[in-house]
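Work through the following exercises with the sequence and the model side by side. Each one sets a task and then solves it step by step.

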Amino acid sequence: MIARQRHDLIVEAVKRAGTVTVPELAESFNISQSTIRRDLEKLDAAGRLMKVHGGAVSLEDEHVRRDLTLPERAELHTAEKLSIVRYAASLVGPDDFVYIDAGTTCRALVDALQERSATYVTDSLGTALALCDRGFSTIVLGGQVKNATEAVIGPEAVDALSRFHFSLGFWGTNGIDLAQGFTTVERQEAQIKALSMAQTQASGRYVICDATKFDRIAPVSFAPVDFAHVLTNDIPAAYRDLDSMIVVAG
């Protein structure tokens, strides 16, 4: 098989599966993993797929290859998000010091919050305004603002986070994978997610997402899959042995 034919078949395989690994492709085509890696580099450069650590993802899977705008995200899986955020809100107790990540799922959490003695810290301008509108004690990180997601990034945000110690925290994710963990599309946002998680008590870390995020890999990992609880509406079979997985009934 010539390289061009193999490249076409690799792209088709990635489109079908959404995510594939280097070992899977090497076995399928009966060639070395180093050859597959070179193929993926060429296909990534040609804009036919996205090469990630250990494999590739389809460019048709939009929310793992780029940051969707907030209006685009708000349209995704709304019913599933509502039941998840209501459960998440019930976890907030008196005087908790709570971190809330950027993103529409975490933004929806604000509407479900009831605990007014807690203090809420966020890296999202939109979430901070929503918290203030509801009269909650609110701290927003300082730094550079990303236009697409309204997330605050950069050294100022990192410096502020390093001084905080949260009793509870909630994060969104673009993908969850057993090997790659929780992933997102941008390096600086991944840095904020990773640090805020590390500054939160282990028992109080919660990733909130719908089941479509499983077995997807975005370009940048920010935590292992067992580093936080996952609140979701369904769990694939491969993840059901993990104690950190929590299914929220609709």
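## Exercise 1: An open sheet

Task: In this predicted model, take the open sheet of 3 strands, whose order is β10-β11-β13 and whose pairing is antiparallel, and describe its edges, its twist and the helix that packs on it.

Solution. Begin with the edge strands, which are β10 (175-177) and β13 (220-223), each of them pairing on one side only. Next comes the twist, which averages 40 degrees from one strand to the next. Then look at the pairing of β10 with strand β11 (residues 181-184), which runs in the antiparallel sense over 3 bridges; within it, Ile176 has Phe182 of β11 as its bridge partner. Finally, helix α10 (residues 187-198) packs on the sheet, where it touches β11 and β13, and its direction makes about 10 degrees with that of β13.

## Exercise 2: The setting of Ile100

Task: Decide whether Ile100 is buried or exposed, and find which residues are in contact with Ile100 when its neighbours within four places in sequence are left aside.

Solution. First locate the residue: Ile100 lies in strand β4 (residues 97-100). Its relative accessibility is 0%, and because buried means under 20%, Ile100 counts as buried. With the neighbours within four places in sequence left aside, the residues in contact with Ile100 are Cys106, Leu109, Leu113, Tyr120, Val121, Thr122, Asp123, Thr127, Leu131 and Phe170. Phe170 is also the bridge partner of Ile100 in β9, and β4 and β9 pair in the parallel sense over 3 bridges.

## Exercise 3: Both sides of β9

Task: Work out which residues of strand β9 (residues 168-171) point one way and which the other way, and then follow the strand to β12.

Solution. Recall that in a regular strand the side chains alternate between the two faces of the sheet. In β9, Leu168 and Phe170 point one way while Gly169 and Trp171 point the other way, and all are buried. Turning to strand β12 (residues 205-208), one finds that β9 pairs with it in the parallel sense over 3 bridges, with Gly169 standing opposite Arg205.

## Exercise 4: The largest pocket

Task: Give the volume of the largest pocket and say which strand contributes the largest share of its lining.

Solution. The volume is about 150 Å³. The lining includes His53, Asp177 and Asp215, and by class it has 3 nonpolar, 6 polar and 3 charged residues. The largest share of this lining, 3 residues, comes from strand β1 (residues 19-21).

Terms used. Residues are numbered from 1 along each chain as its sequence is written. This is a predicted model: local features need pLDDT of at least 70, side-chain atom pairs count only at pLDDT 80 or more; totals for chains, interfaces and linings use all residues. Side-chain values use heavy atoms; hydrogens and water are left out. Two strands pair if DSSP finds at least two bridges between them. Helices (H or I, at least four residues) and strands (E, at least two) are DSSP runs, numbered from the N terminus. Axes are lines fitted to C-alpha atoms, for helices over the stretch in contact, and angles run from 0 to 180 degrees between N-to-C directions. Contact means heavy atoms within 4.5 Å. Buried means under 20% relative accessible area, exposed over 50%, partly exposed in between (1.4 Å probe, protein chains only). On a 1 Å grid over the protein atoms alone, a cavity is a set of points where a 1.4 Å probe fits but cannot get out, and a pocket is an open set with protein on both sides within 12 Å along at least five of seven lines; lining residues have an atom within 4 Å of a point. Grid points are joined across faces, edges and corners, and a volume is the space filled by probe spheres set on the points. Ala, Val, Leu, Ile, Met, Phe, Trp, Tyr, Cys and Pro count as nonpolar, Asp, Glu, Lys and Arg as charged, and the others, Gly among them, as polar.
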